[in-house]
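Subject: Structure handover

Hello,

Here is the structure for you to look over. My notes follow below it.

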Amino acid sequence: MAKKNILLGLFLISCVLFVMGLVWVQEQKKEFITIGAIISLSGPQGPTIEGTGVQNGMLLAVDGINRFGGVNGKKIELIIEDAQINPQKAKELFKIIEARDHPLFYISTHSSVSAALAPLAEEHEVALMATVATDPRITEGNPWVYRYWPTAVEELPVITALLEDLKVQEIGMLYVNDEFGQSVFRQMEKEAEDMSWGFKGEAFGVTTSDFKEHIARIFSSEALFLVGFPSQLEIILRQLKEEGFSGILISTNAAAGPSIQKLPESEGLYVTAPLIYNQNLLSAKAVREKYEQRFHEPFTHYAAAGYDLIELIRALLEDEEFSRDRVRMVLEQGFVHPGVFGTNDVRPGDHDIGFPLSLGQIIGGQIRYRYK
């Protein structure tokens, strides 16, 4: 009997210590602004340039903010998890982070992941900031979901204007069959119908690594519009060169980064490009220098988006209370934010925060902008 009482006593003491430990951890968390980042650092083809860029841009911004005392005296803590461009994995990660860390808000990358997380953000009434996510439907009807990235609707005017200038009449579109590619396909199909262009779409799976059969089905097109992740586009461009395609090649801002620019096979490729690849853009120059000095890799628009997102939230939360409701309130009020891409003038109630895209062409391993 005495032995049972001792064991019961030890068990109760353990429970008390466990609860005290949880309370201590939660108290420690209050000293930080915790941000949950569910971003795709890898995918079917390996590490992703876009996810890694967003992560490094966020880390650069957080380090700079924390070095100078944080926001209202509290430092930022990033909880980063790799969603692997997998919607189901992203949802599982959200539930883990939500139960363990209860962050002030979330950041996500890629359309498929962000679309999967949107209902969870609504359920838990926490702001979700999506980036590298073009599908317009991500923010539709979702009061807690915001986007910092151009949508497919914003990409297409640059491309349709180019096709008109080049007097193209027949377009083939090779696109990844997920929320990203489908959103661009739907918009391009509509544009082609309005312009009476010949148009054929060819979808490929997210895990596809050999595109030759897909290329063959649209090879005869006057122009090819390529929509995929950078790792996929690198393979597609090489295989198009191997197959001897000599027509016009066009892609989205996914092909604007340095990894595509340096490919010999990308010579002449038209892209929708943010202006950060203009070395004279003053809003990006200082951040580019800090980024390349720290990470020893080229600055990309993905890194710029990650950096800008953190800086935007820092600016909005200065002298504000830290609560989920307050985050949403300051985002809803509208604001003007001088970011890396230029100044964002966001109207009250806007949930889609984009940045300007200009027509560029890859010539000699760099983007040459074709301003009107």
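Contact here means heavy atoms within 4.5 Å. Please keep in mind that this is a predicted model.

**R288**

Start with R288. Its place is in helix α10, residues 282-295. Leaving aside residues up to four places away in sequence, R288 touches I276, N278, Q279 and F299. The link to I276 includes a polar one: the R288 side chain reaches the backbone oxygen of I276 at 2.5 Å.

Which side chain of opposite charge is nearest to R288? That is E292, 4.8 Å away. A salt bridge needs a side-chain nitrogen within 4 Å of a carboxyl oxygen. R288 has no salt bridge, yet R288 is buried.

**Salt bridges**

How many salt bridges does the structure hold? The count is 14. Here are some of them.

D135 takes part in two of the pairs described here. With R137, the side chains meet at 3.1 Å, N to O. With R186, the closest N and O atoms are 3.5 Å apart. The pair of R186 and D135 links distant parts of the chain, 51 residues apart. R186 sits in helix α6 (residues 179-195). D135 lies in the loop between β6 (128-131) and β7 (145-148).

Is D135 buried or exposed? D135 is buried, at a relative accessible area of 2%. Its two partners are not: R137 is partly exposed at 42%, and R186 is partly exposed at 35%. The cut-off for buried is under 20%, so D135 falls on the buried side at 2%.

R314 and E318 form another salt bridge. Their closest N and O atoms are 2.7 Å apart. Both ends are partly exposed: E318 has 40% relative accessibility, and R314 has 22%.

There is also a network. Salt bridges link E81, R100 and D101 in it.

**Cavities**

A search of the whole structure gave 3 cavities of 30 Å³ or more. The largest has a volume of about 120 Å³. What lines the largest cavity? The lining comprises 15 residues. Of these, V132, W149, F180, F229 and A254 lie nearest the centre of the cavity.

**Where to look in the viewer**

- R288 in helix α10, with its side chain at the backbone oxygen of I276.
- D135, with its salt bridges to R137 and R186.
- The largest cavity, with W149 and F180 among the residues nearest its centre.

Best wishes

Notes
Residues are numbered from 1 along each chain as its sequence is written. This is a predicted model: local features need pLDDT of at least 70, side-chain atom pairs count only at pLDDT 80 or more; totals for chains, interfaces and linings use all residues. Side-chain values use heavy atoms; hydrogens and water are left out. Helices (H or I, at least four residues) and strands (E, at least two) are DSSP runs, numbered from the N terminus. Buried means under 20% relative accessible area, exposed over 50%, partly exposed in between (1.4 Å probe, protein chains only). Lys and Arg count as positive and Asp and Glu as negative; His and the chain ends are not counted. A polar contact is a pair of N or O atoms within 3.5 Å; within protein, one must be able to donate a hydrogen and the other to accept it, and residues adjacent in sequence count only if both atoms are side-chain atoms. On a 1 Å grid over the protein atoms alone, a cavity is a set of points where a 1.4 Å probe fits but cannot get out, and a pocket is an open set with protein on both sides within 12 Å along at least five of seven lines; lining residues have an atom within 4 Å of a point. Grid points are joined across faces, edges and corners, and a volume is the space filled by probe spheres set on the points.
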